[in-house]
Every structure is written in C-alpha cells, then in structure tokens.
Amino acid sequence: MPNKSALRIVGLLFCSSGIVALAAPLLVSIAVEVIAGWLFIFIGTIQIIAAAQSMHAPVVRGTLGLGLVALLLGVVLIAAPAAGAQTVTLLVALLFLLSGTLKLAIGRALHDPQAGRALFIAGLASAMLGGLLALILPQNASLMLGLMIGTELISNGIVVLTIASSTQINQSAGAAYSGSWSNPRG
C-alpha cells in the first residue's frame with residue numbers, strides 16, 4: 001500500500017502546481033509548447049540518424065521524411081510558440097479526454113467508495129475539460145491550455161489527497177504499524 005505521507009505530499013504538489021498554472025496560464029502554455037518543440041526536435045533527429053544508418057531505400061526515405069517533418073515542427077514550435085498553440089492544445093484536449101475516460105473506468109472499478117467517487121468525479125472533470133478545450137479551440141488556445149492544465153493538476157491533487165485519507169489506506173497503514181502481518185480479510 002502507498003505511504004499516506006508520500007501521497008499527501010504528491011497531492012499538495014499537484015494542487016500547488018495547478019494554482020501556479022492558473023495564476024500564469026499563458027506562461028504554462030508557452031512552456032508546454034516549447035517542451036513539445038524540443039521533444040519533436042529530439043524525435044526528428046533520432047529518425048534522421050536512423051535513416052542514415054538504414055540499408056533499405058524505402059525505409060530510408062520514409063524515416064528521413066518523418067524525421068525532417070518532426071524536426072521542422074519542433075523548430076516551428078520553439079521559434080513561434082503561438083503558431084503551434086492550436087495543435088498542442090488539441091493534443092492536450094485529446095489527452096484530457098483519454099485521461100478522463102481512464103479515470104472513470106478506474107473509479108468505477110475501485111472497491112473503496114470514497115476513492116472511487118473522487119476518481120470518478122476527476123474523470124468527469126478531465127473528460128469535460130478535454131471536450132470544452134476541443135470545442136473552444138480556435139479562440140484563445142494558448143490561454144486556455146494553461147487554464148486547463150492548471151485545473152487538471154488541481155483535480156489530480158484532490159484525488160490523490162482523497163486517496164491518502166481513504167479508509168482502506170488508513171486500515172492498511174494501521175495494520176502494518178501495529179505489527180500485524182496477517183491478512184486483514186481473514
């Protein structure tokens with residue numbers, strides 16, 4: 001079982017990061033775009049190196065082409081973050097939708113009702129944020145990205161803090177600290 005203190009620290013870090021993101025959403029958006037740009041440059045460079053080392057002509061052309069596209073996309077994202085704002089925002093919206101769907105499924109599968117409800121609510125919030133972000137994409141994409149990331153971080157922090165105070169974790173922690181190594185379910 002996870003350590004309650006560690007979970008509380010992680011939950012508080014999520015929440016405080018979310019508050020910072022909500023306070024400076026444009027800076028968060030630009031940071032996400034620049035990080036994505038560097039990742040594309042890295043991926044593109046690796047693909048170009050792989051193409052140079054390949055012996056099969058069709059593979060070389062395809063890999064080289066993909067590498068150049070990724071490299072170019074990375075350079076554009078770093079040189080002009082606003083130009084890539086809509087693309088990165090759409091990717092984040094899709095990530096939120098997927099994350100929300102997974103949280104909903106996990107929340108329904110949990111046996112602990114308190115943690116399950118928290119995860120289910122966070123899943124609904126993530127899915128709704130992703131849908132909202134995709135719907136309002138053309139307007140204020142850069143600003144919305146930072147706001148949505150901040151909201152998602154706070155939502156995740158609340159879930160982790162709720163799980164940290166969960167009765168199952170409290171019971172497991174109590175059994176472990178009382179010296180009882182037997183199965184608590186009998």
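1. Gly65 is partly exposed in this predicted model, because its relative accessible area is 30%, which falls between the limits of under 20% for buried and over 50% for exposed. The residue belongs to helix α3, which spans residues 57–79. Gln47 is 18 residues from Gly65 in sequence, and their C-alpha atoms are 8.7 Å apart.

2. Glu33, a residue of helix α2 (residues 25–53), deserves a separate remark. Glu33 is buried but forms no salt bridge. The nearest side chain of opposite charge is that of Lys103, 21 Å away. Beyond its neighbours within four places in sequence, Glu33 is in contact with Leu77, Pro81, Ala82, Gly84, Ala85, Val88, Ser142 and Leu145.

3. Two of these partners, Val88 and Leu145, reappear in the largest nonpolar core. That core has 14 residues, and those touching the most other members are Val88, Val92, Phe96, Leu133, Leu145, Met148 and Ile149. Two or more core residues come from each of α2, α4 (85–109), α5 (113–135) and α6 (141–164).

4. Met148 illustrates the packing within this region. When residues up to four places away in sequence are not counted, Met148 touches Phe96, Leu129, Leu132 and Leu133.

5. The largest pocket has a volume of about 220 Å³. Its lining consists of Val32, Ala36, Leu39, Phe40, Ile43, Val88, Leu91, Val92, Leu95, Phe96 and Ile149. Helices α2 and α4 each supply at least two of the lining residues. Val88, Val92, Phe96 and Ile149 line this pocket and are also among the core residues that touch the most other members.

Notes. Residues are numbered from 1 along each chain as its sequence is written. This is a predicted model: local features need pLDDT of at least 70, side-chain atom pairs count only at pLDDT 80 or more; totals for chains, interfaces and linings use all residues. Side-chain values use heavy atoms; hydrogens and water are left out. Helices (H or I, at least four residues) and strands (E, at least two) are DSSP runs, numbered from the N terminus. Buried means under 20% relative accessible area, exposed over 50%, partly exposed in between (1.4 Å probe, protein chains only). Lys and Arg count as positive and Asp and Glu as negative; His and the chain ends are not counted. A salt bridge is a side-chain nitrogen of Lys or Arg within 4 Å of a carboxyl oxygen of Asp or Glu. Contact means heavy atoms within 4.5 Å. A nonpolar core is a set of buried Ala, Val, Leu, Ile, Met, Phe, Trp, Tyr and Cys residues joined through side-chain atoms within 4.5 Å. On a 1 Å grid over the protein atoms alone, a cavity is a set of points where a 1.4 Å probe fits but cannot get out, and a pocket is an open set with protein on both sides within 12 Å along at least five of seven lines; lining residues have an atom within 4 Å of a point. Grid points are joined across faces, edges and corners, and a volume is the space filled by probe spheres set on the points.
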